[in-house]
Amino acid sequence: MRTSNYLLSTLKESPAEAVLESHKLMVRAGYIRKLASGLYTWLPTGLAVLKKVEDIIRDEMAKAGCVELLMPFVQPADLWKESGRWIHYGPELCRFKDRHNVDFVLGPTHEEVITALARNEIKSYKQLPLNLYHIQTKFRDEIRPRFGVMRAREFIMKDGYSFDLTTEGLQKSYRKMYRAYSNIFTRLGLDFRAVQADTGSIGGSSSHEFQVLADAGEDVVAFASGSDYASNIELTECLEPKTPRAPATKPMCTVPTPGCHTVDEVASLLKVPANTIAKTIVVVGEKKDPEDKGPAPLIAIVLCGNQTLNEVKCEKIEGVKAPLEFATSEQINAFLGCHPGSIGPVKFPGKIIVDRTAAHMADFYCGANHDGEHLSGVNWDRDVPEYTVADVRNIEEGDPSPDGHGTIVLKRGIEVGHIFALHTKYSDAMQCTVLNEEGKPVNMEMGCYGIGVTRVVAAAVEQHHDENGIIMPETIAPFNVTIVPMNMKKSEKVRDFCEKAYKELTAAGIDVLFDDRSERPGVMFADMELIGAPRMLVVGERDLEKDQVEIRYRASGERKSVSASDAVRTIISEVKAALGELNSKAKPQEE
């Protein structure tokens with residue numbers, strides 16, 4: 001590709017709203033342009049990267065025996081009503097009516113569509129196992145789109161679905177996709193980890209996220225220091241303390257805490273550590289009778305004052321409303337006669353759930369359920385006789401690992417892939433059956449496997465950049481090499497060499513950008529470094545007179561002079577070696 005007939009849309013300044021480096025650089029390098037909130041146009045340079053990501057995905061899917069199809073972006077609401085997610089999915093589901101007043105949605109995912117397809121097309125166990133996938137646009141009406149394509153409303157996703165006769169068959173399909181996804185992210189040149197995760201709105205019994213490790217990640221991943229255990233912090237179990245709870249030594253009494261509404265304020269006033277104060281959070285519970293028109297019950301969740309609530313764990317507790325809903329100040333005041341900063345478990349007139357660690361507190365402080373007052377010397381059983389103990393907090397750095405091997409280390413990650421063992425969640429709801437060997441209909445076992453294709457590009461930029469721009473891995477770089485001539489308009493020798501090199505490299509299957517603009521060298525160098533090509537071929541008349549050209553390497557900053565006659569051969573060899581190195585790390589699929 002020549003810049004003279006290419007849309008090279010680089011910018012010197014970052015967009016004002018950009019926070020993440022990936023957002024800044026993808027705009028500056030001409031990968032994307034914002035159309036509206038959460039909506040982006042992919043420009044030629046970004047699209048080249050996106051297509052290479054898709055090519056690697058398709059290659060590994062084929063190796064795993066998966067079959068590609070294409071499902072509609074627009075989906076009938078009847079399917080979502082049939083699965084039950086029309087009500088439960090939430091406001092991210094973009095709903096609309098067509099001219100005939102029929103309800104439709106813009107697909108955020110495709111479980112309903114694929115299940116409807118499977119129940120019509122798969123009739124016999126002899127057609128199983130089957131794994132179908134597509135790469136398609138999705139839309140989720142995010143309340144606050146941010147971080148460029150990292151959390152956009154419209155995005156491209158690869159999602160696949162396996163169909164099996166038995167649970168054992170599903171487990172085999174799941175392992176195959178786990179291996180395929182590991183291969184994909186390895187070939188993409190990403191530093192990633194597969195971690196145990198919550199199944200969320202998709203559902204199912206088990207799942208793994210594929211997290212790209214990056215400081216900008218929204219997720220927190222917990223690793224064990226003594227094993228290969230890894231999980232999303234949402235799912236990581238906090239073990240019960242091994243030491244027994246200390247006996248009560250103090251009487252309970254009231255202490256004035258005027259104007260104190262937070263743990264830190266109370267700790268500062270009383271000059272005590274935050275971990276000696278019990279923090280009480282009130283959430284909304286489920287009504288026992290759905291027809292009950294009265295207020296919903298309120299539930300107290302008690303933690304150590306220095307620890308944080310894990311909302312995913314909390315909403316899985318029986319009796320707690322899901323999705324989790326925190327009680328408002330008005331609800332709390334009507335229920336207790338005080339404000340949120342004064343709540344405590346003593347004489348709380350509702351269900352009390354105490355975190356495992358908080359249940360080991362003794363002689364602790366807590367709210368008195370009266371504004372301006374707290375209690376000291378509080379002890380479980382003696383002062384709070386009825387409560388339930390559960391794991392409801394977030395794990396912390398240094399906590400013991402749930403698998404018993406070492407302690408926990410926390411790192412930030414960007415979720416780029418997620419696989420789920422759905423089992424019969426959707427086939428039950430939508431009567432997706434197949435005839436087994438006895439000729440009897442059984443609901444098919446399903447798996448779901450997704451990759452955020454557009455997010456992968458942003459994650460790659462987060463891991464691979466410097467102050468000069470993007471440094472893309474060889475397998476997904478928009479160009480393997482850029483050709484930058486010095487004063488080509490004034491030098492026939494430079495022009496002839498560059499033209500010849502461009503044609504030979506292109507003929508060899510190397511992706512090349514030939515910068516044939518009449519720009520100053522500094523501008524061309526800055527643009528070529530910004531867009532993320534792994535190497536730059538710099539051609540000047542003085543070097544050619546000595547039969548030399550220069551190859552500059554984007555990642556290392558190294559500059560190497562090579563014989564002009566060997567330059568093309570050197571570049572072809574380097575590109576093939578670099579591609580081969582990344583691709584060779586992928587493991588073959590095993591039956």
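Rings of Phe, Tyr and Trp pair if their centres lie within 6.5 Å. The exercises below use a predicted model.

**Exercise 1. Find the aromatic cluster and classify its F185–F192 pair.**

Task: State which residues form one aromatic cluster with F185, and decide whether the rings of F185 and F192 are stacked, tilted or edge-to-face.

Solution.
- Step 1. The cluster consists of Y178, Y181, F185, F192 and F210. The structure holds 13 aromatic pairs.
- Step 2. A pair of aromatic rings is described by the distance of the centres and the angle of the planes.
- Step 3. For F185 and F192 the centres are 5.8 Å apart and the planes stand at 55°.
- Step 4. Planes under 30 degrees apart count as stacked, over 60 as edge-to-face and the rest as tilted. The F185–F192 pair is therefore tilted.
- Step 5. Check the burial of both rings' residues. F185 has a relative accessible area of 0% and is buried. F192 has 16% relative accessibility and also counts as buried.

**Exercise 2. Classify a second ring pair.**

Task: Decide how the rings of F96 and F104 are arranged, and whether F96 is buried or exposed, or in between.

Solution.
- Step 1. The ring centres of F96 and F104 lie 6.1 Å apart.
- Step 2. Their planes are at 25°, so the pair is stacked.
- Step 3. F96 has a relative accessible area of 31%. Buried means under 20% and exposed over 50%, so F96 is partly exposed.

**Exercise 3. Trace the nonpolar core through F185 and I451.**

Task: Name the residues that touch the most other members of the largest nonpolar core, then follow the contacts of F185 and I451.

Solution.
- Step 1. The largest nonpolar core has 68 residues. Y181, F185 and M472 touch the most other members.
- Step 2. Another core lies apart from it. That one has 26 residues, among them L298, I352, C366 and W380.
- Step 3. Beyond its neighbours within four places in sequence, F185 contacts L190, F192, F210, V416, G417, I451 and V456.
- Step 4. Now take I451. This residue sits in strand β23, residues 445–452. Its relative accessible area is 0%, so I451 is buried.
- Step 5. Residues up to four places away aside, I451 touches I57, I156, M157, K158, Y181, I184, F185, V416, G417 and V456.
- Step 6. Look for a partner far off in sequence. I451 and I135 are 316 residues apart in the chain, yet their C-alpha atoms are 9.1 Å apart.
- Step 7. V456 belongs to helix α11 and is buried there. The helix covers residues 453–463, and 10 of its 11 residues are buried. Polar and charged names are included: T454, R455 and E462 are among the buried residues of α11.

**Exercise 4. Place a buried loop residue.**

Task: Locate L43, state whether it is buried or exposed, and list its contacts.

Solution.
- Step 1. L43 lies in the loop between β2 (39–42) and α2 (44–63).
- Step 2. Its relative accessible area is 10%, so L43 is buried.
- Step 3. Leaving out neighbours within four places in sequence, L43 is in contact with L7, S9, G30, Y31, I32 and R33.
- Step 4. One of these contacts can be given a C-alpha distance. L43 and Y31 are 12 residues apart in sequence and 5.3 Å apart in space.

**Exercise 5. Inspect the unusual backbone.**

Task: Find where cis peptide bonds join L128 to P129 and A322 to P323, and where F147 and D547 take a positive phi.

Solution.
- Step 1. Most residues other than glycine have a negative phi, and most peptide bonds are trans.
- Step 2. The bond between L128 and P129 is cis, with omega about 0°. P129 lies in the loop between α5 (111–121) and β7 (130–139).
- Step 3. A322 and P323 are also joined by a cis bond, with omega about 0°. P323 is in the loop between α8 (311–315) and α9 (329–336).
- Step 4. F147 is not a glycine, but its phi is positive, about 65°. Its place is the loop between β7 and β8 (154–164).
- Step 5. D547 has a positive phi of about 60°. It lies in the loop between α14 (541–545) and β29 (548–553). At 36% relative accessibility, D547 counts as partly exposed.

How values were computed:
Residues are numbered from 1 along each chain as its sequence is written. This is a predicted model: local features need pLDDT of at least 70, side-chain atom pairs count only at pLDDT 80 or more; totals for chains, interfaces and linings use all residues. Side-chain values use heavy atoms; hydrogens and water are left out. A nonpolar core is a set of buried Ala, Val, Leu, Ile, Met, Phe, Trp, Tyr and Cys residues joined through side-chain atoms within 4.5 Å. Buried means under 20% relative accessible area, exposed over 50%, partly exposed in between (1.4 Å probe, protein chains only). Contact means heavy atoms within 4.5 Å. Rings of Phe, Tyr and Trp (its six-membered ring) pair if their centres lie within 6.5 Å; planes under 30 degrees apart count as stacked, over 60 as edge-to-face and the rest as tilted. Helices (H or I, at least four residues) and strands (E, at least two) are DSSP runs, numbered from the N terminus.
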